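User: I'd like a close look at one part, please. Can you walk me through the loops of the middle chain and end on a helix that catches your eye?

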Amino acid sequence: MFASLKRKDKLARELPLYFMLLPAVVLVAVYSYGSMAGVIIAFQKFIPARGLFGHQQWVGFKNFATLFSMPNIGTVIRNTVVIALSKMVAGVIVPVAFALLLNEVRSLLTKRIFQTVVYLPHFLSWVILSGILINLLSPSEGFVNILLAKLGIEPIFFLGNPDAFPATMVASDIWKSFGFGSVIYLAALTGIDPALYEAAVIDGANRWRQTWHITLPGISSIVVLMSVLGLANILNGGFDQIYNMYSPVVYSTGDILDTFVFRLGIEQAQYSLSTAAGLFKSGVSMIFIVASYYLADKFTGYKVF
Amino acid sequence: MKKMKSGRVLPHVMAGLLMVFVLSACETASNGSDEGNAKENAVNAGNASQPTDADGKYQKPITMSWAVQTAAASKLLDNDTWEDNRWSRLIKDKLNIDLKVAFSADSSTDAYKNKLNAIIASGDLPDVFKTQDANVFLQLAQNGQLADLTDVFDKYASDSLKAYKERFADSFAGATVDGKLYAIPRMNDNFHEAPFLWIREDWLKNTGSQPPKTVEEMVALAEKFATGDPDGNGIDGDTYGLALNKDLIRQNHGSILGLVSAFGVPGRDESMFYRDGNGKMTFAWIQPEMKEALAVLADMYKRGLINKEFTSKNESALVEDITSGKIGMAYGSNWGTWYPYNNVYKKDGVIVHPYAIPTEAGHDYKIGIESNAVGQMTMVSAEYEHPEAAIKILDLYDQTVNYSTKEDYLKYWSDEQYRLSPLYIDQPGEVYAADLLKAFDKGSSDGLAPAAKPLYDYIAGFEDGSLAKDDNAFGTWGQMSKSGSLPIVLNKYMPDHAIVQSILGIQRPETWLTNVASLDTLTITAFTDIITGAKPVDYFDSFVQQWLKAGGQQTLDELDTMYPAK
Amino acid sequence: MRIKASMPRKIFLVCNMAFLLIVALLCLAPFINLLAVSFSDKTAVAAGEVTFFPVGFTTVSYQFITNTSKFFMSLLVSLHRTAIGVPINLLLIILTAYPLSKSRSDFRARSLFSWFFVVTILFNAGLIPTYMVVKTTGLIDSVWSLVLPGAVPVFSMLVVMNYMRSLPKELLEAAHMDGAGHVQTLVRVVLPVSAPTIATVTLFAFVDHWNSWFDGMIYMNQIQHYPLQTYLQTVVVNPEEFIRNNTDLSGNLSKYLSMVSARTTGAAQMFLAMIPILCIYPFLQKYFTTGLVMGSVKE
């Protein structure tokens with residue numbers, strides 16, 4: 001019956017769909033695509049007075065050359081990758097472990113209470129969490145260091161020591177997100193067919209073997225999927241978090257591309273240079289995003305869109 | 001029933017969405033037309049050379065938008081707001097100018113600078129705005145975004161304003177690019193940027209100590225403060241010896257500037273370039289003497305004489321410790337009695353005194369200050385149709401604050417209320433320190449510049465007790481009385497020829513501008529690492545090499561040609 | 001079939017429960033500490049005596065805040081942006097997800113539009129260009145600058161789209177047979193069964209709007225237009241500033257000044273800002289699994 005529809009009828013049938021899309025398309029065209037056009041200033045010696053589309057001096061890739069000759073650019077890229085990769089790896093392992101342990105709890109109510117509690121940090125902003133962490137981690141007045149002192153451990157400058165800073169960022173990021181990150185694994189765990197366990201019990205398998213042979217294979221595909229999708233964030237060190245907690249003392253290990261781009265563009269008014277750095281980040285990220293989506297499709301048959 | 005319901009919801013939702021868009025369009029449109037009107041007014045005014053009354057008041061109101069710096073110390077009193085306050089009303093009343101706030105941001109953090117840079121990027125400048133950043137000023141001037149004030153200043157400035165221009169010729173030269181005056185500069189003579197050692201008088205007494213004359217004595221005093229009980233609370237060691245803040249090399253409280261000066265390093269910020277004894281262009285922080293200075297600090301840190309967590313404390317975090325009485329000694333700038341030690345005086349009635357920096361045998365001490373050509377610039381946008389209005393406001397400011405009644409002075413100047421005027425004579429009272437000293441010798445304020453007379457009254461009032469509780473009186477006293485900070489510069493630092501002024505004016509090498517932030521970070525990080533013991537003192541040599549390689553050497557070379565030896 | 005737990009199993013369960021309790025405590029403790037600090041005397045806070053209970057109980061920090069206007073002004077801005085922003089997000093998500101959930105035979109341009117939206121995830125133009133577009137469209141310093149640039153949350157849209165795509169075909173075909181158009185199908189059939197996923201993305205939209213601070217910092221020109229989190233960020237970055245700026249605002253504040261510190265007032269403000277989140281997310285929790293998981297994972 002559909003096949004007999006004429007072309008015109010089909011268009012009429014589709015017309016409402018176009019109308020539905022219209023507002024979103026307009027907004028995205030203006031704000032996302034409009035600003036994409038603005039990246040041309042990365043190739044110019046941009047002088048704001050002449051306007052975004054005014055006459056600007058074209059300098060080709062000179063801004064990129066300047067960018068990569070800056071003494072700290074290597075450090076910044078290294079920091080970004082180190083922090084982002086650590087967050088990615090820990091961001092899979094910790095939620096999976098937590099989900100496995102929580103799954104052993106029988107009482108639904110207890111389970112629900114645990115979940116509610118561990119979800120909490122995920123829903124709060126880095127502004128608030130930074131405010132809390134800065135106070136908790138202060139070397140002299142912070143609760144954590146007072147506790148360490150009681151245990152006879154020297155105070156640790158979590159936010160002021162370049163050696164401790166990246167680890168502090170990774171740990172606090174995991175603290176914020178592991179609870180919510182476990183939602184998806186808990187769902188996968190409940191999705192495992194109970195009959196499999198019953199069969200295993202009859203075969204005399206103990207809990208450990210059940211976990212090893214049934215539970216883990218049952219969620220392996222989702223673990224692979226989440227790991228692969230995580231690759232997309234290879235250059236996202238977490239601006240909100242780091243910007244609110246870092247200081248020049250820890251730039252050597254804590255300065256990431258996003259904070260670097262922000263300082264270059266807004267604090268130092270190097271608009272072209274900053275946009276060039278942003279463009280570099282976007283370009284590299286795009287490769288990783290596409291790759292991760294491709295791998296996700298290939299390994300698990302999951303299509304993001 | 002259910003179907004009916006959802007059928008009825010959709011139109012509402014659609015209507016809602018429509019309204020949202022219409023509303024948004026309206027708001028945008030009304031913003032736009034506001035601007036349009038303003039421009040139209042301005043254009044009309046420009047064409048007709050806006051008629052004014054004999055006293056300079058515009059017959060038809062004009063508007064001026066300006067960037068408000070909500071600085072640390074500026075407070076709004078008596079229900080004033082940033083839009084409607086004593087200055088906006090006075091300016092409306094006397095000149096018929098309607099002030100509009102273009103944007104407001106905290107100037108004690110990076111917020112103001114960031115906001116201004118974002119606005120510059122968009123190319124839509126406020127009519128009147130300020131910057132501390134010489135580079136931003138120079139770029140705007142060279143790109144033709146600033147109004148040329150040369151002619152309007154000549155035509156509209158009062159004799160009093162013109163006298164400022166003569167007295168502070170260096171500063172005005174800094175605001176002049178290619179022979180054109182592009183800003184009203186901060187009218188300054190930077191001698192007052194010198195560092196001092198500030199010590200709580202009660203701690204000195206409690207430990208039976210004298211103000212230290214040498215670095216060695218300073219370290220010994222720090223040890224007494226850190227390990228003993230200078231605050232007399234019965235607990236040994238709950239106080240700090242010497243306080244540092246994480247910025248180390250900035251001119252604020254808890255810096256290392258005073259200490260390195262003792263070793264002949266005229267350190268200051270990231271911009272201290274000068275010609276050394278042999279006429280060679282050099283940079284303060286790479287002087288070999290820094291090694292000795294850093295060794296002293298590293299040793300003090302190791303012995304627990306420096307607050308352990310200084311790496312995470314900025315100046316304002318340090319202030320909390322100062323106020324709560326944990327800190328009794330720190331290197332700092334001349335304005336200590338204005339801030340932060342006014343808090344100590346208010347809370348405990350204790351005075352924190354400034355002393356000349358302790359010196360080190362075998363070294364001529366050297367003190368670095370900025371070039372007079374550099375400082376905050378107040379600029380007018382090239383698009384603004386009434387650049388003369390800026391000069392008129394400046395004139396009104398001068399009349400109101402400097403030539404009017406004491407009442408007006410208190411209302412419009414005190415408690416930093418002058419910051420509510422878009423333009424003010426941006427002048428530290430410090431420049432009158434020498435005049436004041438002479439006046440006190442004479443015992444009379446006769447012959448002082450109008451701006452200096454109230455300072456005389458404050459100091460006299462503080463000393464005779466009538467103004468003992470007054471913030472302004474305490475602040476001025478600690479700065480400019482005979483026991484204040486600035487006489488130390490006038491009577492010691494200057495006669496000793498210790499002052500070294502940076503050559504870096506408004507013109508800056510491109511290499512430096514690109515790399516200054518990373519060079520600055522490199523410096524602070526290296527010094528922090530050495531002080532905390534994360535790196536050995538010898539690491540300083542490798543820091544110097546890194547600094548030179550990362551654009552430092554090129555900067556020195558470019559500066560050498562940019563500012564040729566005289 | 002029920003199996004009696006063995007001894008090692010019992011030990012494991014006890015240890016597991018203890019471990020989970022510790023983890024839960026780690027997640028909760030900082031917030032309890034925050035609450036305790038906000039109700040404590042400032043000297044006790046400075047001395048590090050406050051852990052989970054207020055020391056020297058006092059509400060003075062809260063009184064101090066209620067006497068300054070900044071917190072409440074920014075609260076109003078946040079409520080305003082949330083009230084406008086969340087409905088717009090939601091509407092655009094639904095209006096976009098529905099057409100894109102159609103198969104290519106039902107909507108030939110589907111692929112084109114999908115890519116149109118997905119590209120915005122792949123490529124981010126960066127700070128300066130985006131600022132200039134927002135400036136050009138005249139939104140600077142208006143609440144719309146916090147709403148329109150992010151009006152289409154593409155990830156949430158994809159979640160809803162995937163969910164809608166997983167709905168049984170028969171459902172839609174039945175509606176179609178009844179002669180329902182797209183609008184009617186969406187409203188009467190698709191939306192009611194998509195409630196879990198809609199609830200989830202609503203929560204996300206709300207949390208996003210409530211927690212955003214960067215856009216406020218960049219796009220708002222007047223301090224009194226800062227949304228709550230932007231304002232809080234200035235407090236977190238420069239804690240002393242809040243106290244100092246507010247010292248002489250009006251006479252009745254000065255009496256609090258000796259009683260509060262940056263830490264206690266900061267804690268009070270942060271806690272107040274958390275309340276809306278605390279009130280909402282636990283109630284939407286049951287939808288997470290159905291909404292989020294079903295939307296994003298279909299195997």
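Analyst: Helices (H or I, at least four residues) and strands (E, at least two) are DSSP runs, numbered from the N terminus. What you see is a predicted model, in which local features need pLDDT of at least 70, side-chain atom pairs count only at pLDDT 80 or more, and totals for chains, interfaces and linings use all residues. Residues are numbered from 1 along each chain as its sequence is written, chains are lettered from A and ligands numbered from 1 in the order in which they are written, and side-chain values use heavy atoms, with hydrogens and water left out.

Let's start with backbone angles. Go to N96(B), in the loop between helix 2 (86-95) and strand 2 (97-105) of chain B. Its phi is positive, about 60°, although N96(B) is not a glycine. Most residues other than glycine have a negative phi, and most peptide bonds are trans. N96(B) has a relative accessibility of 11%, so it counts as buried (under 20% relative accessible area; exposed is over 50%, partly exposed in between, with a 1.4 Å probe and protein chains only).

Now hop along to D178(B), sitting in the loop between strand 4 (176-177) and strand 5 (180-181) of chain B. Here again phi is positive in a residue other than glycine, this time near 50°. The surroundings are another story: D178(B) counts as exposed because its relative accessibility is 71%. So you have a buried residue at N96(B) and an exposed one at D178(B), with a positive phi at N96(B) and at D178(B).

Farther along, look for N252(B) in the loop between helix 9 (215-227) and helix 10 (257-262) of chain B. N252(B) is buried, since its relative accessible area is 10%. What is it in contact with (heavy atoms within 4.5 Å)? Leaving aside neighbours within four places in sequence, N252(B) meets N245(B), D247(B), E315(B), Y331(B), G332(B) and S333(B).

Next comes K308(B), in the loop between helix 11 (290-302) and helix 12 (315-323) of chain B. K308(B) counts as partly exposed because its relative accessibility is 38%. Setting aside neighbours within four places in sequence, K308(B) is in contact with Y301(B) and, over in chain A, with F157(A). Try finding L244(B) as well: its C-alpha is 9.2 Å from that of K308(B), though the two are 64 residues apart along the chain.

One more loop is worth a stop. P340(B) lies between strand 10 (329-332) and helix 13 (341-348) of chain B. The peptide bond leading into P340(B) from Y339(B) is cis, with omega near 10°.

And the helix? I'd pick helix 20 of chain B, which covers residues 510-532. From first C-alpha to last, its 23 residues reach 33 Å. Look at V516(B), where a kink of about 55° is centred (the bend at a residue is the angle between axes fitted to the seven residues ending there and the seven starting there). This helix is mostly covered, with 20 of its 23 residues buried. Right after helix 20 comes G533(B), and its phi is positive, near 85°.

Technical notes: The expected span of a helix is 1.5 Å times one less than its number of residues. Contact means heavy atoms within 4.5 Å.
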